[in-house]
Every structure is written in C-alpha cells, then in structure tokens.
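Here's a walk through the fold, one piece at a time. Keep the structure open and follow along.

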Amino acid sequence: MWQEERFTRIRALLSAYSRVSTDRIVADLDVSRETVRRDLLELEALGELKRVHGGAVRVQDEPPIAERANTRIKYKRAIAKTAASLVSNGQTLFLDAGSTTAILAEALAALSGLTIITNSFDVALNMQRAGDDGRGNQVYVLGGALGARLPATFGDTTIAELHRYRADVALLSPVGVDANYGATSYDHQEAEVARAMVTNATQTFILADYSKIGLCSRISYCATARIDRLITNQKAEDSEAFAALQSRVSQITLA
C-alpha cells in the first residue's frame, strides 16, 4: 500500500472516530506497527493529528466566533481582568482576533495612554465602546483582506503592516496550548498574524481558558520557550497537561 493511500485511510479513521488506536490502524491497513508509527509522525508534522499514548487523535477545529463568544464567558472575563492588571499605562500592545481578546479590550479601555494594534474589528470596537476619549488610548486596525472565519484582517498586507510596529506585549488567544507545541491555531492565516505579533513584541502573553490547556491544533505559532506568561483559570490545574506546561512556560498566572 502506497504511503498516500495509508494517509487517506488514517484520515478517514480519525474523521469517523476522532481518536484511533495504533492497533486499530495496524489491523485496518494490514501494515506493521513501525510503518504506522512513521506515518503518524509524518501526519503529526503536517499538523493533521496529534499522537497520544497508544494511538492518535484528530487536531481540534475551532468553533465559529459567534459560538465561542458565548462559551465560558465567566472564565474569559477572569482571564481578561487578570491580563489587564499586568499591563501598564502607556504601553503598546498587540491583540489578535478571538473571543477572549475581544473581552480583554473592554478591560483595557479602563487604562490610559495605550496604543493597541490589532487586526480584529471586535477588539477595536470594544475599545471604542468601553473607552473614554480622555484616557488617550489609540487603536490602530491593520489593513488586509477580510477573513472568512473572523471579523478581522489577514494576509500579506496585514503581515507587512505588522512588521512596521514594535509592541511591549503581544496578548494572544490560541485554539490550544500544549507543552510540546506551544500556542497553536487551526487557521493558517490566523497563525501567521499571531506569529508576526510574537516576533515583533518584547513579551508574549498567552490567554487560554482552562478548556484549551493540553490541546494542540494544526499550526504552532509560539513555542513554549517564547511564552513569557500563560494566563489561564485556576481550574486548569485539574488538567493532566498543566504540570507539563508549568515546567516549560516561564510564568503561569491563574485567574
């Protein structure tokens, strides 16, 4: 059986069951465990699955923004409040597009003299709605192509504009954060924007509610060594993946 045919069969199994064991793949494909091991390694490198003990799981897709905006609100607000308390007046910040960063914008509006650089319309509008003109906060929305999944800009123009700026802190909300792969995203364009923000920021804060701890999506954009602070909920300590993250991330702040 050719490798691409095996890949197709493995993808089909993951699509049907989300999680499959190595034994199931060996039996279904009628190949050796070593062949399956090599195939899983390659598919993981392509971002199509995550290897786990005894098999593999499908990487997490991300629900639509309208759905995410109405889930775990209490936990996201706690994270946003904590993140805002770690920001100083007068700083320049990068915020990417996501439900948590949109909530963060409301909390940041209480500070003064901030320069917010974002590709997210929700972030910009929330800063405007919650802010007071007397505080002197400025918001810059990056140009680019309108995204299909989010009310935000993406693409080469967005990345080019990003590289014109330097920020004190990038505050980013991933699909998942994992000890081995760091902060990850499902969408290529979203990951490219987040990666550029990491590159051009002095510090990177990852905002991830407890449900994202230990999750790994398709594209890694910030290795654990580059995460200066992970802000999550106290409930994250219940996750088996928390201890591994704690050993690799510089600081973890529990909201």
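## A helix across the seven-stranded sheet

Start with helix α6, residues 99-108, in this predicted model. Helix α6 lies across four strands: β4 (92-95), β5 (115-118), β9 (167-172) and β12 (201-207). Its direction makes about 155 degrees with that of β4.

Those four strands belong to an open sheet of seven, and if you read across it the order is β6-β5-β4-β9-β12-β14-β15, with parallel pairing. The edge positions go to β6 (138-141) and β15 (252-254); each has a single partner strand, so one side of each has no neighbour in the sheet. From one strand to the next, the twist averages 20 degrees.

## Inside the sheet: β4 and β5

β4 and β5 are joined in the parallel sense by four bridges. If you want a spot to zoom in on, look at Leu-95, which sits opposite Thr-118 of β5.

Side chains in a regular strand alternate between the two faces of the sheet. So what happens on the two faces of β4? Both are covered: Thr-92 and Phe-94 point to one side, Leu-93 and Leu-95 to the other, and all of them are buried. β5 is covered on both faces too, with Thr-115 and Ile-117 on one side, Ile-116 and Thr-118 on the other, and all of these buried.

## The β15 edge and Thr-82

Over at the β15 end, strand β14 (residues 229-232) pairs with β15 in the parallel sense through three bridges. Leu-230 has Ile-252 of β15 as its bridge partner.

Now find Thr-82, which is part of helix α5 (residues 73-85). Is Thr-82 buried or exposed? Its relative accessible area is 17%, and the cut-off for buried is under 20%, so Thr-82 counts as buried. Leaving out residues up to four places away in sequence, Thr-82 touches Ile-231, Thr-253 and Ala-255. Ile-231 falls within the residue range of β14, and Thr-253 within that of β15.

## The three-stranded sheet

There's a second open sheet, this one with three strands in the order β1-β3-β2 and antiparallel pairing. β1 (19-21) and β2 (49-52) are at the edges with a single partner strand each, so each has one side without a neighbour in the sheet. The twist here averages 25 degrees from one strand to the next.

β1 and strand β3 (residues 55-58) run antiparallel and are joined by three bridges. In one of the pairs, Arg-19 has Val-57 of β3 as its bridge partner. Helix α2 (residues 22-29) packs on this sheet, where it touches β1 and β3, and its direction is at about 75 degrees to that of β1. Helix α3 (residues 33-45) lies across β2 and β3 and runs at about 135 degrees to β2.

## The loop residue Asp-30

Between α2 and α3 there's a loop, and Asp-30 lies in it. Asp-30 is worth a click: its phi is positive, about 60 degrees, although it is not a glycine. How accessible is Asp-30? Its relative accessibility is 69%, and exposed means over 50%, so Asp-30 counts as exposed.

## How α1 meets α3

Two packed helices are described by the angle between their axes and the distance between the axes. For helix α1 (residues 3-17) and α3, the axes come within 11 Å and cross at roughly 75 degrees. Angles of 65 to 115 degrees count as roughly perpendicular, so that label fits α1 and α3.

On the α1 side the contact is made by Gln-3, Arg-6, Phe-7, Ile-10 and Arg-11, and on the α3 side by Thr-35, Asp-39, Leu-40, Glu-42 and Leu-43. By type, the residues of this contact split into four nonpolar, two polar and four charged.

## The chain as a whole

Zoom out, and the protein chain has ten helices and 15 strands. Its radius of gyration is 19 Å, close to the 18 Å from the globule rule for 255 residues, so the chain is as compact as a globular protein of that length. The C-alpha trace spans about 70 × 40 × 30 Å along its principal axes.

Buried residues account for 49% of the 255 residues. Among contacts between residues at least 6 apart in sequence, 64% join residues at least 24 apart.

Technical notes:
Residues are numbered from 1 along each chain as its sequence is written. This is a predicted model: local features need pLDDT of at least 70, side-chain atom pairs count only at pLDDT 80 or more; totals for chains, interfaces and linings use all residues. Side-chain values use heavy atoms; hydrogens and water are left out. Two strands pair if DSSP finds at least two bridges between them. Axes are lines fitted to C-alpha atoms, for helices over the stretch in contact, and angles run from 0 to 180 degrees between N-to-C directions. Contact means heavy atoms within 4.5 Å. Angles under 35 degrees count as roughly parallel, over 145 as roughly antiparallel, 65 to 115 as roughly perpendicular and the rest as oblique. Ala, Val, Leu, Ile, Met, Phe, Trp, Tyr, Cys and Pro count as nonpolar, Asp, Glu, Lys and Arg as charged, and the others, Gly among them, as polar. The radius of gyration is taken over C-alpha atoms; the globule rule is 2.2 Å times the number of residues to the power 0.38. Buried means under 20% relative accessible area, exposed over 50%, partly exposed in between (1.4 Å probe, protein chains only).
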